[in-house]
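Work through the exercises below with the sequence and the structure in view. Each task is followed by a solution in steps.

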Amino acid sequence: MEWLRFITGGACILFGLAVACISVIGNFKFKYVLNRMHAAAMNDTLGILFVLLGLIVINGWNFTSLKLFIIICFFWMASPVTAHLVARLEVVTDRERVEKECEVAEDVRL
């Protein structure tokens, strides 16, 4: 049973690291800040989630796993808020480029 937990946890960690690598490539490949922000947010949500989930599975169910789960909850609450604030800052400071790069609806323009 121990080897099954290790394989499952290792698979979760490897998937999380793969998402993180794709996110890094996306940050270098994309030129526009909103696209880069999307790639970084994917790492914050999926990458960190699967790495910490893998650690929880490998560690077993104890107090350390509870702390790792609380870290996951914090990241899942904080990451969308920070991504939204960065996107809003970009729209406010560089509106002409946003309108050129993206399709902006009339009712959401600032």
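**Exercise 1. The start of the chain**

Task: State where Met1 is found, and decide whether Met1 is buried or exposed.

Solution. The model is a predicted one. Step 1: Met1 is found in the segment before helix 1, which covers residues 2-29. Step 2: the relative accessibility of Met1 is 75%. Step 3: the cut-off for exposed is over 50%, so Met1 counts as exposed. Step 4: Met1 also takes part in a nonpolar surface patch of about 650 Å², together with Trp3, Leu4, Phe6 and Ile7.

**Exercise 2. A salt bridge**

Task: Find how many salt bridges the whole structure has, and say which side chains meet there.

Solution. Step 1: a search of the whole structure finds one salt bridge. Step 2: the side chains that meet in a salt bridge are those of Glu2 and Arg5, at 3.0 Å from N to O. Step 3: both Glu2 and Arg5 lie in helix 1, three residues apart, or about one turn of the helix. Step 4: residues three or four places apart point the same way, because an α-helix has 3.6 residues a turn. Step 5: side chains of opposite charge can pair when their charged atoms come close. Step 6: Glu2 is exposed, with a relative accessible area of 53%, whereas Arg5 counts as partly exposed at 31%.

**Exercise 3. Helix 2**

Task: Compare the expected span of helix 2 with the distance between its end C-alpha atoms, then locate the kink.

Solution. Step 1: helix 2 runs over residues 33-59 and has 27 residues. Step 2: the expected span is 1.5 Å times one less than the number of residues, so helix 2 should span 39 Å. Step 3: the end C-alpha atoms of helix 2 are 38 Å apart, which agrees. Step 4: helix 2 nevertheless has a kink of about 30°, centred on Asn43. Step 5: the C-alpha atom of Asn43 is separated by 5.2 Å from that of Ala20, although the two residues are 23 residues apart along the chain. Step 6: Ala20 lies in helix 1 and is buried, with a relative accessible area of 19%. Step 7: the buried residues of helix 2, among them Leu34, Met37 and Gly47, pack against helix 1 and helix 3. Step 8: after helix 2 comes Gly60, with a positive phi near 90°.

**Exercise 4. Glu90 and helix 3**

Task: Decide whether Glu90 is buried or exposed, and list which residues Glu90 touches beyond four places away in sequence.

Solution. Step 1: Glu90 is placed in helix 3, which covers residues 63-93. Step 2: helix 3 has 31 residues and reaches 45 Å from its first C-alpha to its last, close to the 45 Å expected. Step 3: the relative accessible area of Glu90 is 15%; buried means under 20%, so Glu90 is buried. Step 4: other buried residues of helix 3 include Ser65, Leu68 and Ile72, and the buried residues of helix 3 pack against helix 2 and helix 4. Step 5: not counting residues up to four places away in sequence, Glu90 touches Tyr32, Val33, Leu34, Arg95 and Val98. Step 6: Ile56 is 34 residues from Glu90 in sequence and 37 Å away in space, C-alpha to C-alpha.

Notes: Residues are numbered from 1 along each chain as its sequence is written. This is a predicted model: local features need pLDDT of at least 70, side-chain atom pairs count only at pLDDT 80 or more; totals for chains, interfaces and linings use all residues. Side-chain values use heavy atoms; hydrogens and water are left out. Patches are made of residues with over 30% relative accessible area and no salt bridge: like charges are joined within 9 Å, nonpolar side chains (Val, Leu, Ile, Met, Phe, Trp, Tyr) within 5 Å. Accessible areas come from the Shrake-Rupley method with a 1.4 Å probe; for residues, only the protein chains shown count as cover. A salt bridge is a side-chain nitrogen of Lys or Arg within 4 Å of a carboxyl oxygen of Asp or Glu. Helices (H or I, at least four residues) and strands (E, at least two) are DSSP runs, numbered from the N terminus. Buried means under 20% relative accessible area, exposed over 50%, partly exposed in between (1.4 Å probe, protein chains only). The bend at a residue is the angle between axes fitted to the seven residues ending there and the seven starting there. Contact means heavy atoms within 4.5 Å.
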